[in-house]
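User: I'm new to this structure and would like a close look at a single helix. Could you walk me through it?

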Amino acid sequence: MWVLAGIGAVLAGLFLMLRELLPVFEAGRTGVIRSKGAAAIRIERAAEPERFEAMRRGRFRAARFGIGLAAAGMLWTILQIVGIALNQAG
């Protein structure tokens, strides 16, 4: 049962990570990034390079929580599987 909690944490971390990183990857390809919120503002790399890079850095910082959650979920799942294997063996 606890293995499922780890798998859920991995999936939640991947969702949170990709929610932040997919717009960054698209911005690298197109040169346009959009701000978050209801009234999203387009920021073009050619027009405002400093603001564009600041937005990209901010998105990468926001993705750190998702990366950490996915890593913690992987570690938890691996430890649970090892614990189950040791319990069955011993």
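Analyst: Happy to help; here is a look at helix H2 and what lies against it. This is a predicted model, in which local features need pLDDT of at least 70, side-chain atom pairs count only at pLDDT 80 or more, and totals for chains, interfaces and linings use all residues. Residues are numbered from 1 along each chain as its sequence is written, and side-chain values use heavy atoms, with hydrogens and water left out.

Helix H2 covers residues 49-89, which makes 41 residues. Helices here are DSSP runs of H or I with at least four residues, and strands are runs of E with at least two, numbered from the N terminus. From its first C-alpha to its last, H2 reaches 59 Å, close to the expected 60 Å (1.5 Å times one less than its number of residues). At Arg 64, H2 bends by about 25°; that is the angle between axes fitted to the seven residues ending there and the seven starting there.

Some residues of H2 are buried, among them Phe 52, Arg 56, Gly 66 and Thr 77 (buried means under 20% relative accessible area, exposed over 50%, partly exposed in between, with a 1.4 Å probe and protein chains only). The buried residues of H2 pack against helix H1 (2-30), strand S1 (32-34) and strand S2 (42-44), where contact means heavy atoms within 4.5 Å.

On H1 you can find Leu 14, which counts as partly exposed because its relative accessibility is 33%. Leu 14 and Ala 71 are 57 residues apart in sequence, and their C-alpha atoms are 9.5 Å apart in space.
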